[in-house]
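Student: Could you walk me through the aromatic rings of this protein? I would like to see how each call is made.

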Amino acid sequence: MNSRLLTFRIRRFHKEKDPSEWTDTFHVEPRKGMNLLEALLRIQDEQDGTLSLRYSCRGAVCGSCALRVNGNVVLACRTHVEELMKKPALIEPLPYFRVIRDLIVDMSAFFEHYGKIEPYLQGKPVTPHQEYRMGEEKRKEIDPYINCILCGICFGVCPAFERHSEFLGPAILAKAFRFFIDPRDRRNSEILRIADSHEGVWGCNTVFQCVKVCPKEVPPTHAIVKMRRKILRQHFSTLVSRLMSLIS
């Protein structure tokens, strides 16, 4: 076999077949600058048209091509094949999600959780002659959390999601924090109420895996820890107020 050929072992799943799960091996001749998504599309075009995968933008914007390579969860469009030359690459779908077909997983649970936080700005009322104004420091604080592309990679490494499927998840809690710290949004208390549960910030193991793997450098664990502190301060303030009312 040509030593320059890339070897891919791809985990397959077709529910209509028996057995429904198996592994196929494919070989691809690499070209300079090729990424994993290109290689998979070549396999689909030239070797097996039944190979199923999800992709869209090809530029690390949509998050559609997330999968697992040799145990690491990545975006196929950002994974250069030069990194996979040393040994056969095992390609698998994102873990913890139900597999629909081959490398395509069911993201319904992810987006159901996403919908729970109503991920859009719900502004405070202003008069027709006013504008929402934000200082530069606040904008810089929000910036890291607006880059999420909803790829689901953070779910694929999250031990809390593996243990408890109702856990909202890193991406969703990071997005909730994004609106919580936005001075234009009116839902501060409501967001903390949603986050203050085992399905929210208290379900996180704080192992920072999501921070390490995010292709857009979103820091979900940092957001979770900051919301925990805010919730604890709020509970403490409420407790002190009740005690003071009892004393008086």
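Tutor: Happy to! A residue counts as buried when its relative accessible area is under 20%, as exposed when over 50%, and as partly exposed in between. Keep in mind that this is a predicted model.

Student: Thanks! How many aromatic pairs are there?

Tutor: Rings of Phe, Tyr and Trp pair if their centres lie within 6.5 Å. By this rule, the count of aromatic pairs is eight.

Student: Is the pair of F97 and F161 stacked, edge-to-face or tilted?

Tutor: Planes under 30 degrees apart count as stacked and those over 60 as edge-to-face, with the rest tilted. The ring centres of F97 and F161 are 5.9 Å apart and the planes stand at 45°, so this pair is tilted.

Student: Which parts does that pair tie together?

Tutor: F97 and F161 are both buried. Since the partners are 64 residues apart in sequence, the pair ties together the loop between β5 (89-92) and β6 (99-101), which holds F97, and the home of F161, helix α5 (residues 159-163).

Student: And F111 with Y114: which of the two is buried and which is partly exposed?

Tutor: Both sit in helix α2 (residues 108-116), three residues apart, so about one helical turn separates them. F111 has a relative accessible area of 39%, so it is partly exposed. Y114 has 14%, which is under the 20% cut-off, so the buried one is Y114.

Student: Which arginines lie over the face of F179?

Tutor: One is at 4.4 Å from the ring centre and another at 5.3 Å. In that order, they are R178 and R187.

Terms used:
Residues are numbered from 1 along each chain as its sequence is written. This is a predicted model: local features need pLDDT of at least 70, side-chain atom pairs count only at pLDDT 80 or more; totals for chains, interfaces and linings use all residues. Side-chain values use heavy atoms; hydrogens and water are left out. Rings of Phe, Tyr and Trp (its six-membered ring) pair if their centres lie within 6.5 Å; planes under 30 degrees apart count as stacked, over 60 as edge-to-face and the rest as tilted. Helices (H or I, at least four residues) and strands (E, at least two) are DSSP runs, numbered from the N terminus. Buried means under 20% relative accessible area, exposed over 50%, partly exposed in between (1.4 Å probe, protein chains only). A charge sits over a ring if NZ of Lys or CZ of Arg is within 6 Å of the ring centre and within 35 degrees of the ring normal.
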